[in-house]
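Here are some comments on the model you sent, set out as numbered points. Please read them with the sequence and the structure open beside you.

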Amino acid sequence: QRYRNNLFLGGFVGYDDSPRRGKNGIIIDNATPDKFRDNMIRLLIKAERNHCEYVFINAWNEWAEGAYIEPDLKYGHGYLDAIRSALLEIKKIK
């Protein structure tokens, strides 16, 4: 039986708020669509086990901070494909 709880799960591609925060900024880099896919699968499994209805992705198309999931010159549709692939993988597991 499904129930609601107060657990909100989220993931992201990369992050860099140093342009806004300077030396106090946080930079998370070296992301790839493959790493994102694998981590998204783990996150979706955790969401299923904890009866979470939603998984948040931060920040959709936030170019300034490097946390965007839309086609780009480096990976093309890689991150969008990674989300689709992770969802299909979870569907197989169920």
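**Notes on the predicted model**

1. To begin with one residue, E89 has a relative accessible area of 25% and is therefore partly exposed, and please bear in mind here and below that the model is predicted. The side chain of E89 meets that of R37 in a salt bridge, with N and O 3.6 Å apart. R37 belongs to helix α2 (residues 33-49) and E89 to helix α3 (residues 78-93), so this pair ties together parts that lie 52 residues apart in sequence.

2. R37 has a further partner, since D38 also forms a salt bridge with R37, in which the closest N and O atoms are 3.2 Å apart. R37 counts as partly exposed at 22% relative accessibility, and D38 is likewise partly exposed, with a relative accessible area of 36%. Through salt bridges that share partners, R37, D38, E89 and K92 are joined into one network.

3. How many salt bridges does the structure hold? The total is five, and one of them is formed by the side chains of R21 and D17, at 2.9 Å from N to O. The two residues of this pair should be described separately: D17 is buried, with a relative accessible area of 3%, whereas R21 is partly exposed, at 45%. As general background, side chains of opposite charge can pair when their charged atoms come close.

4. On the overall fold, the protein chain has three helices and four strands, and these elements follow the order β-β-α-β-α-β-α from the N terminus on. Taken along the principal axes, the C-alpha atoms of the chain fill a box of roughly 45 × 30 × 15 Å. Of the 94 residues in the protein chain, 28% are buried, where buried means under 20% relative accessible area.

5. The largest pocket has a volume of about 230 Å³. Its lining is made up of 16 residues, among which V13, G14, A31, G66 and Y79 are the closest to the centre of the pocket. Which elements give two or more residues to this lining? They are the strands β2 (15-16) and β3 (27-28). By residue class, the lining of the largest pocket divides into eight nonpolar, three polar and five charged residues, so a description of this pocket should mention each of the three classes, with glycine counted as polar.

6. On the surface, F8, Y54 and F56 form a nonpolar patch, and together these residues have about 410 Å² of accessible area. F8 is found in the segment before β1 (9-12). Is F8 buried or exposed? With a relative accessible area of 60%, F8 is exposed, because the cut-off for that term is over 50%.

7. A last point concerns K46, which lies in helix α2 and counts as partly exposed at 44% relative accessibility. K46 and D81 are 35 residues apart in sequence, and their C-alpha atoms are 21 Å apart in space. I would keep this C-alpha separation of K46 and D81 apart from the N to O distance given for R37 and E89 when the text is revised.

Notes
Residues are numbered from 1 along each chain as its sequence is written. This is a predicted model: local features need pLDDT of at least 70, side-chain atom pairs count only at pLDDT 80 or more; totals for chains, interfaces and linings use all residues. Side-chain values use heavy atoms; hydrogens and water are left out. Patches are made of residues with over 30% relative accessible area and no salt bridge: like charges are joined within 9 Å, nonpolar side chains (Val, Leu, Ile, Met, Phe, Trp, Tyr) within 5 Å. Accessible areas come from the Shrake-Rupley method with a 1.4 Å probe; for residues, only the protein chains shown count as cover. A salt bridge is a side-chain nitrogen of Lys or Arg within 4 Å of a carboxyl oxygen of Asp or Glu. Buried means under 20% relative accessible area, exposed over 50%, partly exposed in between (1.4 Å probe, protein chains only). On a 1 Å grid over the protein atoms alone, a cavity is a set of points where a 1.4 Å probe fits but cannot get out, and a pocket is an open set with protein on both sides within 12 Å along at least five of seven lines; lining residues have an atom within 4 Å of a point. Grid points are joined across faces, edges and corners, and a volume is the space filled by probe spheres set on the points.
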